[in-house]
Amino acid sequence: MTSMAQAPDIPEATDREPANIDRPIPLSLTAAAHQLLDSTPASATTCPDGVAWCLGDPRDHSDPREHLHKGPERTFSGPYGNGLLGFHLTQWDDSAPCVTFEAGGQWRDLDLDQVDQLVNDGAEHWAALRAVRAELADLLSGDQPGDSEPREWAITVRGGGHISGYLPRWADGDPSRQDVAPDLLGNALADLDICTYFEGAPLNVFCPSWGGDEAGVYEQQVLRGNIDVHPYSEDPERRQPVANLEVLDDFWLSDLGPEELADVISKLTTQVDRLRGVHTQLVQARADWQANA
Ligand SMILES: [Zn+2]
């Protein structure tokens, strides 16, 4: 159920007491007013009805017909804006508690499913922002001389002749070769690999003894990989850019305490962010490949 905020006439922001800004707030709410909102007392009193998470603001409990229980409001602020995307727990008297969330100047009461949807959509939104950020960084760091020049790899054949093809900007190296014997040209083309690598998550993994190495805990790159294309592969799938993930097999992260588990989560989160960037890069690499190769 969506409890959309009704939009009654809104008095001037300066006339309103922050604690009463429960529902619609003017779009023009100033940064100063937001700071006022943010400075709503954190734990001034206790709730007269004994609601544990309620801040007990007397202004929310003064109406004998209806008490509004509100938890601490969380927002964030920075050079991009003030008091953004605020939310807090809310309960009107005996009705079900909900999360009240502010966006676009509107406060909305969200049930559990709606909060889940907000969290999921929000995660996608930030991922999209990261992708745009990467695009911006590329735009700002670009414009180096020769960047617009098309690049090519080339294989020269002993005794004369050469074969060349498109070498994308994202490639880490240049697979060009010189003086390839004519009878090895087929192999050289089949092996031709245009590639860019990305790092994995560095995790301390217990490894059994293998080869000359003793069993023990070693730092391993987990989920590292590359994007590559083999223009002359026998497999048509590999003649366009693909992503390859190297996952450790049969290795365990053992005996993790809460802090160690949190560290793993943090590293995997970073890796998931990186993979989102790799996904964007792969989509761009395919489009670029189809347009130019
Ligand atoms: Zn209360």
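The following conversation goes through a predicted model and asks how its terms apply.

Visitor: How do you know which parts of the model to trust?

Guide: This is a predicted model, in which local features need pLDDT of at least 70, side-chain atom pairs count only at pLDDT 80 or more, and totals for chains, interfaces and linings use all residues. Residues are numbered from 1 along each chain as its sequence is written. On pLDDT, the predictor's confidence in each residue from 0 to 100, the protein averages 81, and 81% of the residues score at least 70.

Visitor: Which elements have the lowest and the highest mean pLDDT?

Guide: Helix H1 (residues 31–38) has the lowest mean, 46, and S6 has the highest, 95; helices (H or I, at least four residues) and strands (E, at least two) are DSSP runs, numbered from the N terminus. Over residues 1–43 the pLDDT is below 50, although this stretch has 56 contacts in the model beyond near neighbours in sequence, a contact being two residues whose C-beta atoms, placed from the backbone, lie within 7 Å. Where pLDDT is low, the predicted coordinates should not be read in detail.

Visitor: Why is H2 called oblique to H4?

Guide: Helix H2 (residues 112–141) and helix H4 (residues 258–292) pack at an angle of about 60°, with their axes 10 Å apart. That angle makes H2 oblique to H4, because angles under 35 degrees count as roughly parallel, over 145 as roughly antiparallel, 65 to 115 as roughly perpendicular and the rest as oblique. Axes here are lines fitted to C-alpha atoms, for helices over the stretch in contact, and angles run from 0 to 180 degrees between N-to-C directions.

Visitor: What makes up the contact of H2 with H4, by class?

Guide: Ala 127, Arg 130, Ala 131 and Ala 134 in H2 meet Asp 273, Arg 276, Gly 277 and Thr 280 in H4. By class, this contact has three nonpolar, two polar and three charged residues, since Ala, Val, Leu, Ile, Met, Phe, Trp, Tyr, Cys and Pro count as nonpolar, Asp, Glu, Lys and Arg as charged, and the others, Gly among them, as polar.

Visitor: How do you know that S9 and S12 pair?

Guide: Two strands pair if DSSP finds at least two bridges between them, and strand S9 (residues 194–198) and strand S12 (residues 224–229) have five, in the antiparallel sense. Phe 198 stands opposite Gly 225 in S12. Five bridges also join S12 to strand S13 (residues 242–246), again antiparallel, with Ile 227 opposite Ala 243 in S13.

Visitor: What makes S9 and S13 edge strands?

Guide: In the open antiparallel sheet S9-S12-S13, S9 and S13 each pair on one side only. The twist averages 20° from one strand to the next, and H4 packs on this sheet, touching S9, S12 and S13, with its direction at about 5° to that of S12.

Visitor: Why is the pairing of S6 with S8 counted?

Guide: Two bridges join strand S6 (residues 152–157) to S8, and these strands run parallel. S6 belongs to an open sheet of three strands in the order S7-S6-S8, whose pairing is mixed.
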